[in-house]
Amino acid sequence: MTSLRSDARRNVEGIRRAAIDAFRTRGLTVPLDDVARAAGVSKGTIYHRFGSRRGLIDAVVDDLVAARIGEIIDAVEALDGPLERFEEYLLRTWLLQFDEPAANDVLMRVLPDSAPLTTLFDRSCAFGRRLLAEAQAAGAVRADITPEDLVQLILERGAIVRACTRQTRDDYRRRLDFTLRGLRASRL
């Protein structure tokens, strides 16, 4: 996009900012008419510059969600103990799903044909699988939990966030503790 005129560059940046704001607060399925209105352009301009909804999402996903997932991974890596790392990973991931609809959409695979979204999802899941294996090897987490169970727990939390829109963050957080305790090995 380096060859764009200055007004076209401003439009592209305005669309990017509007999309990030709209997706972050309302999820990746927000109507493009709303993004266009916030950016002060037509929906056709979005399609002209980004090709499709997926093209727009792919263009902003790093700014929108990748940094947050990276922050979770970095914060969890710095913790001591396999149980603490495993539980903190899940807790932070689940709270991100509650706090940011776009992150929830990424973790729920709303656009499975988007390479950047799939890469983020896979990165998060690979990290979680490693933490699960470490916690199980230490005897801290139930041995019968599979990597697929871990993915399903994240997907289920996403569905709960979408379906239970009237719950407070504190109530949601309290219920997460029930789930985390249920994942621990029985001797803990």
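UniProt positions are given in the numbering used here, and annotations may be inferred rather than shown by experiment. The exercises below concern a predicted model.

**Exercise 1. Describe the overall make-up of the protein chain: how many helices and strands are there, and in what order do the elements run?**

Step 1. The protein chain holds nine helices and zero strands.
Step 2. Read from the N terminus, the order is α-α-α-α-α-α-α-α-α.
Step 3. For the dimensions, the C-alpha trace spans about 65 × 35 × 25 Å along its principal axes.
Step 4. As for the surface, about 9500 Å² is exposed, and carbon and sulfur atoms supply 50% of that area.
Step 5. The chain has 188 residues, and 44% of them count as buried.
Step 6. Among contacts with a separation of 6 or more, 69% join residues 24 or more positions apart.
Step 7. The chain carries 30 positive and 28 negative charges, whose mean positions lie 4 Å apart.

**Exercise 2. Find the residues covered by the annotation "domain: HTH tetR-type" and by the annotation "DNA-binding region", and give the helix content of each stretch.**

Step 1. In the unreviewed UniProt entry, "domain: HTH tetR-type" covers residues 9-68.
Step 2. Over residues 9-68 the chain is 83% helix and 0% strand, with the end C-alpha atoms 26 Å apart.
Step 3. The UniProt annotation "DNA-binding region", also from an unreviewed entry, covers residues 31-50.
Step 4. Over residues 31-50, helix makes up 80% and strand 0%, and 15 Å separates the end C-alpha atoms.

**Exercise 3. Decide whether alanine 36 is buried or exposed, and list what it touches.**

Step 1. Alanine 36 has its place in helix α2, residues 32-39.
Step 2. Its relative accessible area is 3%, and buried means under 20%. Alanine 36 is therefore buried.
Step 3. Not counting residues up to four places away in sequence, alanine 36 touches Val41, Ser42, Lys43 and Ile46.
Step 4. Alanine 18 is 18 residues from alanine 36 along the chain, and their C-alpha atoms are separated by 7.6 Å.

**Exercise 4. Do the equivalent for alanine 59: where is it found, and what is its relative accessible area?**

Step 1. Alanine 59 is found in helix α4.
Step 2. The relative accessible area of alanine 59 is 30%, so this residue is partly exposed.
Step 3. Leaving aside neighbours within four places in sequence, alanine 59 is in contact with Arg16 and Phe50.
Step 4. Arginine 16 is 43 residues from alanine 59 along the chain, and 7.8 Å separates their C-alpha atoms.

**Exercise 5. Which residues of the largest nonpolar core touch the most other members, and which helix gives the most to this core?**

Step 1. The largest nonpolar core has 55 residues, of which Phe23, Val35, Ile46, Leu56, Phe86 and Leu90 touch the most other members.
Step 2. Helix α4, residues 53-77, gives the most to this core, with 11 residues.
Step 3. Take phenylalanine 86 from that list. Outside its neighbours within four places in sequence, phenylalanine 86 is in contact with Leu131, Leu132, Ala135, Val141, Leu150 and Leu183.

**Exercise 6. Locate arginine 109 and state its phi.**

Step 1. Arginine 109 is found in the loop between α6 (101-107) and α7 (115-137).
Step 2. Although it is not a glycine, arginine 109 has a positive phi of about 60 degrees.
Step 3. Its relative accessibility is 28%, so arginine 109 counts as partly exposed.

Terms used: Residues numbered from 1 in each chain as written. Predicted model: local features only at pLDDT ≥ 70, side-chain atom pairs only at ≥ 80, totals over all residues. Heavy atoms only, no water. Helix = DSSP H or I, 4+ residues; strand = E, 2+ residues; numbered from the N terminus. Core = buried A, V, L, I, M, F, W, Y, C linked by side-chain atoms within 4.5 Å. Buried < 20%, exposed > 50% of the residue type's maximum accessible area, 1.4 Å probe, protein only. Contact = heavy atoms within 4.5 Å. Areas by Shrake-Rupley, 256 points an atom, 1.4 Å probe, with all protein chains shown as cover. Lys, Arg positive; Asp, Glu negative; His and termini not counted. Charge placed at Lys NZ, Arg CZ, Asp CG, Glu CD.
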